Amino acid sequence: MPVPQDIDSRAAGRQLLIGHRELRAQLAALRAALDEEDGLTAAVSGTGEGASLVQQLRARCLEYCVGLHHHHTMEDGAFPVFEQRYPEIAPVIERLREEHRQVAAGLDRLSKLVENDDGQDLTWLRAELERTVAGLEEHFVYEETYLLPALGVTAPGPTS
């Protein structure tokens, strides 16, 4: 598939930041929901409501996986243009591609596990999510530190 050459580098960089901000917020919300619902599920176990809560959380987890995969797919599609325009960042892009492959493998694994598991163990779900997203913040910061300046976008300050 041909790569579109009319990519606006600055707009792509700003969109990358928006995507990172949204993914960070979604992950924080998912983690908070897991913490909150873990206590709620324990409180309603035996009533049949716990299974519904777990199913909702699993759906949110899968939704996050799809969003993160889409974000990385969009970035991967722009990388060839950036390599042509900014050959000096080719090593940065290659590292990002490898990290995207690793995240994609983790997302695929997590999605299959979540879809196929019929248990109600939120501790398990949280552990699998954390294993999958381990290093994701480092990935975002690396991208913002080394890719954004080449695209003419100022990286945000440190996250707190």
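A residue counts as buried when its relative accessible area is under 20%. Keep that cut-off in mind as you look through these close-ups of a predicted model.

**Figure 1. Phe-82 and Tyr-86 form a tilted ring pair.** Let's start with Phe-82, which has a relative accessible area of 3% and is therefore buried. Its partner Tyr-86 is buried too, at 17%. How many aromatic pairs does the count come to? The count comes to two aromatic pairs. In the pair shown here, the ring centres of Phe-82 and Tyr-86 are 6.5 Å apart, and the ring planes meet at 45°, so the pair is described as tilted.

**Figure 2. Tyr-142 and Tyr-146 pair up in helix α5.** Helix α5 covers residues 136-146. Tyr-142 and Tyr-146 are four residues apart in this helix, which means that about one helical turn separates them. Their ring centres lie 4.7 Å apart with the planes at 45°, so this pair is tilted. Are these two tyrosines buried or partly exposed? Tyr-142 has 14% relative accessibility and counts as buried, whereas Tyr-146, at 45%, counts as partly exposed.

**Figure 3. Helices α3 and α4 pack against each other.** Two packed helices are described by the angle between their axes and the distance between those axes. Here, α3 (residues 90-116) and α4 (residues 122-133) pack at an angle of about 165°, with their axes 9 Å apart. Because of that angle, α3 is roughly antiparallel to α4. The crossing of α3 past α4 is left-handed. Now take a look at the residues that meet: on the α3 side they include Leu-107, Leu-110 and Leu-113, and on the α4 side Trp-124, Leu-125 and Leu-129 are among them. Sorted by class, the contact between α3 and α4 has seven nonpolar, two polar and three charged residues.

**Figure 4. Ala-105 of helix α3 is shown with Thr-132.** Ala-105 sits in helix α3. With a relative accessible area of 47%, Ala-105 is partly exposed. Along the sequence, 27 residues separate Ala-105 from Thr-132, and in space the two are 8.8 Å apart, C-alpha to C-alpha. You have already visited this neighbourhood, since Thr-132 is one of the α4 residues in the contact with α3.

**Figure 5. His-71 is a buried residue of helix α2.** Helix α2 (residues 49-85) is home to His-71. Its relative accessible area is 11%, so His-71 is buried. Which residues does His-71 contact, leaving aside its neighbours within four places in sequence? They are Leu-16, Gly-19, His-20, Leu-23 and Glu-143.

Technical notes. Residues are numbered from 1 along each chain as its sequence is written. This is a predicted model: local features need pLDDT of at least 70, side-chain atom pairs count only at pLDDT 80 or more; totals for chains, interfaces and linings use all residues. Side-chain values use heavy atoms; hydrogens and water are left out. Axes are lines fitted to C-alpha atoms, for helices over the stretch in contact, and angles run from 0 to 180 degrees between N-to-C directions. Helices (H or I, at least four residues) and strands (E, at least two) are DSSP runs, numbered from the N terminus. Angles under 35 degrees count as roughly parallel, over 145 as roughly antiparallel, 65 to 115 as roughly perpendicular and the rest as oblique. A crossing is left-handed if the near helix is turned anticlockwise from the far one by less than a right angle, and right-handed if clockwise. Contact means heavy atoms within 4.5 Å. Ala, Val, Leu, Ile, Met, Phe, Trp, Tyr, Cys and Pro count as nonpolar, Asp, Glu, Lys and Arg as charged, and the others, Gly among them, as polar. Buried means under 20% relative accessible area, exposed over 50%, partly exposed in between (1.4 Å probe, protein chains only). Rings of Phe, Tyr and Trp (its six-membered ring) pair if their centres lie within 6.5 Å; planes under 30 degrees apart count as stacked, over 60 as edge-to-face and the rest as tilted.
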